[in-house]
Amino acid sequence: QTIQGIHWDKAPCRFCGTGCHVKVGTKDGKVVAIAGHEDAEVNKGLLCVKGYHVGGILYGEDRLTEPMLRKNGKLEPISWDEAIEVIAKRIYEKPKEFAIYGSGQWTIPEGYAAQKFMRAGLSNNHLEPNARLCMASAVTGFISTYGVDEPAGCYDDLDEADVIILWGNNPAEMHPVLFSRIVDRRSRGEKVTIIDIGTRRTRSTEFADHYMNFKPQTDLAIANCIAHYLVENDLYDKEFVSKHCNFRIDVDDETRDLMGRPSTFEEYKENLKTYTFEYTSELSGIPEEQLKILAETFADKELKITSLWCMGMNQHFRGTAINRLVHGIHLLSGHFGTPGNAPTSLTGQPSACGTAREVGTLCHTLPGGRLIAKESDRSDCEDRWNVERGRINPQIGYHTVKMWEKFCTPADKGGDISTIFVQVTNPGHTLPNLAKLFTAKEGLDDKFLIVSEVYPTATTKLADLVLPAALWVEKGGIYGNSERRTQQWFKQVEPPGQAREDAWMTIAIARKLFEMGHPGMKDKNGDFLFTVKDEQGEVVPIWDYDHYHDINTDKALYEEYRPFSHMKHKHVAPYDVLVKSQGLRWPVVEQKDGTFRETRFRFSEFDDPFVEKGKGIQFYHSVTKDDKALIWFCPYEDPEESPDEEFPTWLCTGRVLEHWHSGSMTMRVEQLRNAMPGAYVEMNPQDAEKQGLNNGDQARVISRRGEMILPVWINGRASPPEGTVFVPFFDETKLINDVTIDAHCPVSKEPDYKKCAVRVEKF
Ligand code: SF4
């Protein structure tokens, strides 16, 4: 649509997992205007401050525009042909020592290209998305509860719920448009109660009816306390539990199996006995009366309750356990499966669901919920990719922390990853314990870091080869947001200089390897793995950038991927249907009249087409194969590190409203940079006074791993309790991950960025 010389097209926002629908205005080859899409179901015309400035991220002054190879310590321009050859040679020589580290910002076609290249092409499973750092615990929580990943509910629950419970979650800053959807209801006279359970006050707390401040890690005990109250007082939903649930228990040993061991209701009840109000209050710091409010809320069957969480529960030393427990109290109390009753995790990235989870770019997964470890899943993928049986390596790859540990360790000491190709993420900024997992690469001459990026970052500083990437509407794409909604957009402007699409880079490298005779780059017919044909049946040489846009390569890759989504009933919509929509929530099923219908509420007969008639609720991918979900018992366990005499303070890290993740995009937008120019350490006034610190003073935040000097902001945006400080991580001049710990959940392998022990001193 063109109005007054401005052409308008649609795209999802480039930032968080909310997936707001943006109207993009372009003129003379530039993005000149941004608006919220007034008809959008997700955001109903609104955007947050980042969304309104999303167009600005394309136009920072220091965009990377040409490939650069490090020679004698300095990055020097080279051609794309040379760059592709350098990469292909490294892979050809040591294919098993190569890894790809991507992200939940990969478009679905980009992630799918990387997936196919690694699994089918190189028989190599060292493929990870940075989503391991943000939602892996949500995945293990869903899979070990329902047998299949991703939320049953959707954002519509927020319009229906009587009570919203925020579990360590700050949507007012992290998912602002979703939060405004809740708060707006109050301005229309609707009653919606917000219960904020957190380790520090946030801007969300300002809207909460109840704020419950808990000591880090004790959310495990709080969830168990609610279950204990329901069970001891016979207030759980007996009918729901007997029809739809079985019990499981976490295996208390080093190995921590994803599926634990079966348990009985009696054993469950017995295990919960410890978690009285008294014990839990003592442990968590939440007064007993507040714990009672929480437990009685779940006991009230008339109320509709939606739980929301994001990094507070996922970046958790026992992330899988707390995810399971929150699902468990919803199941136990029957607050599940009707509009407004849902346990719902939110994602931080625009396609953490679409690309990391659904395409399966984690080191142990294959597309559509298949697993590397399962022979039938591997064979199925091998057949679909038309490669011989056995091509996919049965050994799962290295998860993120392991991958970077191996990369940063000399080869003679077991460091068997020698080349990592980073796409669409900034690990030199966002990995925990950076000295161990990133900076240690310096001086290891046999290690080679390839980075596809849009701007110079903390990661490109150590890169050996930098590739300029196209960003957002400089390419087409498809994202999948937090509520299972798949959204498509077209390329709307040209990327600067020689910047190119990440999917093209992967395919061009694959082609070079094919030409070098790498056997993995051929299918059973001897054809190139990424062979696509035009409508006349002619092969389009998409590996040659001059021809990459001769066809819609996004569509070709997506349509190749789409049938994979059917195995676990995650039917994503056809590309052409997505083009005409603002995204559809899977499973999307074709109707008799040829239209396609989305699903808002999974596992519920009234909405989910895969639930058998008369079942009401059916967990059709049940772990126990009897259509039942699992209610878990997982005990409270101490965190890896707690404050002590030497390091007496908790450190929590996170985001701020104005910046998205490492700030590599939002810090290039003047308005956002000016609104929040740098990181700080947020302190409680009493703690600051004890150290003789005032607002603006420089403080050293020191841990066992490193230290960072930061200006003090007393109280900050909210107010951390005594003994806790908060530092945002967006500022690349103050890398707080030099300080954070790399301890991680034993099941999900997701690191804990929310708690480690530090000392704060005046600098
Ligand atoms: Fe919406 Fe998130 Fe983008 Fe803000 S950053 S406009 S909430 S998708």
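**Exercise 1. Placing the ligand**

Task: In this predicted model, explain why the ligand lies between domain 1 (2-59) and domain 3 (136-346 + 628-633), and state which residues come nearest to the ligand.

Solution: Begin with the two domains: because both domain 1 (2-59) and domain 3 (136-346 + 628-633) give residues to the shell around the ligand, the ligand lies between them. Next, turn to the individual residues, where the shell holds 14 residues, with C13, C16, C20, C48 and G51 coming nearest. Then consider the helices, for α1 (49-52) and α7 (176-187) each supply at least two residues of that shell. Finally, sort the shell by class, which gives 8 nonpolar, 5 polar and 1 charged residues.

**Exercise 2. An annotated stretch and its surroundings**

Task: Determine which residues the UniProt annotation "domain: 4Fe-4S Mo/W bis-MGD-type" covers, and describe how the side of domain 1 that touches domain 2 is made up.

Solution: According to the UniProt record, an unreviewed entry, the annotation covers residues 6-62. Over these residues the chain is 37% strand and 7% helix, and the C-alpha atoms at the two ends are 26 Å apart. For the second part, recall the division of the chain, in which domain 1 spans 2-59 and domain 2 is assembled from 68-128, 351-369 and 376-547. The centres of these two domains, taken over C-alpha atoms, are separated by 28 Å, and 15 residues of domain 1 are in contact with 15 residues of domain 2. On the domain 1 side, β2 (6-12), β3 (21-27) and β4 (30-36) each supply at least two residues, and the largest share, 4 residues, comes from β2. By class, this side of domain 1 has 6 nonpolar, 5 polar and 4 charged residues.

**Exercise 3. Reading a parallel sheet**

Task: Give the strand order of the open sheet of 5 strands, identify its edge strands, and say which strands helix α12 touches.

Solution: The order across the sheet is β11-β10-β9-β14-β15, and the pairing is parallel. The strands that pair on one side only, and are hence labelled edge strands, are β11 (210-213) and β15 (342-345). On average, neighbouring strands of this sheet are turned by 15° against each other, with direction ignored. Looking at one pair in detail, β14 (residues 305-309) is joined to β15 in the parallel sense over 4 bridges, and T306 stands opposite A342 in β15. Helix α12 (residues 288-299) packs on the sheet, where it touches β9 (163-167), β10 (193-198), β11 and β14, and its direction makes about 120° with that of β11.

**Exercise 4. Antiparallel partners of β32**

Task: Work out how β27 and β32 pair, and how β29 and β32 are joined.

Solution: Strand β27 (residues 649-654) pairs with β32 (residues 756-762) in the antiparallel sense over 3 bridges, with W650 opposite A757 in β32. Strand β29 (residues 698-702) also runs antiparallel to β32, and 4 bridges join the two; here R759 in β32 is the bridge partner of I702.

**Exercise 5. Two backbone exceptions**

Task: State which peptide bond is cis and where Q4 lies.

Solution: Most residues other than glycine have a negative phi, and most peptide bonds are trans. Against that background, the bond from W586 to P587 is cis, with omega near 0°, and P587 is placed in the loop between β23 (584-585) and β24 (589-590). Q4, although not a glycine, has a positive phi of about 50°, and Q4 lies in the loop between β1 (2-3) and β2.

How values were computed: Residues numbered from 1 in each chain as written. Predicted model: local features only at pLDDT ≥ 70, side-chain atom pairs only at ≥ 80, totals over all residues. Near = placed C-beta within 6 Å. Nonpolar A, V, L, I, M, F, W, Y, C, P; charged D, E, K, R; others polar. Domains from an automatic or database assignment. UniProt positions renumbered as here; feature names shortened; annotations may be inferred. Contact = placed C-beta atoms within 7 Å. Pairing = 2+ DSSP bridges. Axes fitted to C-alpha atoms, helices over the stretch in contact; angles between N-to-C directions.
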